[in-house]
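Student: I am new to this one. Could you show it to me and let me ask how each label is earned?

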Amino acid sequence: MSSEAELLVCVKCRRGQEIPADDRRPGQALYDALAARPLPAGLRLTAVECLQNCDAGCTVALRGGDRWTYVFGNVDEVSHPDMLLDGAARYHATGDGLIPWRERPEHFKRNCVARIPPLTPNTSLEAD
């Protein structure tokens, strides 16, 4: 079984909009929507303050174990929670974080902000 994976959600994301200080930001709404759903086995949901992708919609990251870390932007708090959980489950099922291209949610294919290598280097250099 693969080690635990973590879905980080920026709760400060505003989707580039002006949000009054007393209103719930889209990033917080996304986190709340995810927290209200059953999480896939082996996935931990974590709220973070900022992922520095403020003008590109809500932003999330997937990381865990010896996997590559991915940062995804343009996430919609209303229509994307189920897609995120599906993608996170697929990510967790991998040993290296590399979901085969054809199996990735479409949003993951088009909205990857960054891909960061694992702390433990893999001896094979696999192109994506």
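**Labels and their reasons**

Tutor: Start with Lys109, which touches Trp101, Arg102 and Arg104, leaving out residues up to four places away in sequence. This is a predicted model: local features need pLDDT of at least 70, side-chain atom pairs count only at pLDDT 80 or more, and totals for chains, interfaces and linings use all residues. Residues are numbered from 1 along each chain as its sequence is written, and side-chain values use heavy atoms, with hydrogens and water left out.

Student: What makes Lys109 "touch" Trp101, Arg102 and Arg104?

Tutor: Contact means heavy atoms within 4.5 Å. Lys109 meets that with Trp101, Arg102 and Arg104.

Student: Why is Lys109 called buried?

Tutor: Buried means under 20% relative accessible area, exposed over 50%, and partly exposed in between (1.4 Å probe, protein chains only). Lys109 has 19%, so it is buried.

Student: Where does Lys109 sit?

Tutor: In helix H3, residues 106-110. Helices (H or I, at least four residues) and strands (E, at least two) are DSSP runs, numbered from the N terminus. From C-alpha to C-alpha, Lys109 is 9.4 Å from Phe72, with 37 residues separating them in sequence.

Student: Which strands form the sheet, and in what order?

Tutor: Five strands make an open sheet with mixed pairing, in the order S2-S1-S3-S4-S5. Its edges are S2 (43-48) and S5 (112-116), each paired on one side only.

Student: How do you know that S3 and S4 pair?

Tutor: Two strands pair if DSSP finds at least two bridges between them. Strand S3 (residues 58-63) and strand S4 (residues 69-75) have four bridges and run antiparallel. So the definition is met. In one place, Val60 stands opposite Phe72 in S4. S3 and S4 also form a hairpin with five residues between them, and Gly65 in the turn has a positive phi of about 55 degrees.

Student: How many bridges join S1 and S3?

Tutor: Four, again in the antiparallel sense. Leu7 has Leu62 as its bridge partner in S3. Leu62 in turn has Tyr70 as its bridge partner in S4.

Student: Why is S3 called largely enclosed?

Tutor: Five of its six residues are buried, so the rest of the structure largely encloses S3. Leu62 has contacts beyond its neighbours within four places in sequence, including Leu43, Trp68, Ala88 and Phe108.

Student: What makes a set of residues a nonpolar core?

Tutor: Its members are buried Ala, Val, Leu, Ile, Met, Phe, Trp, Tyr and Cys residues joined through side-chain atoms within 4.5 Å. The largest such core here has 27 residues. Leu7, Leu30, Leu34, Val60, Leu62 and Leu84 have the most contacts inside it. S1, H1, S2, S3, S4 and H2 each give two or more residues to this core. In soluble globular proteins, nonpolar side chains tend to be buried together.

Student: Is Gln52 buried or exposed?

Tutor: Gln52 is exposed, because its relative accessible area is 67%, over the 50% limit. Gln52 lies in the loop between S2 and S3. Its phi is near 55 degrees, a positive value in a residue other than glycine.

Student: Why is Asn74 called partly exposed?

Tutor: Its relative accessible area is 41%, so Asn74 falls between the two limits of 20% and 50%. Asn74 is in strand S4. Asn74 also has a positive phi, about 55 degrees, although it is not a glycine.
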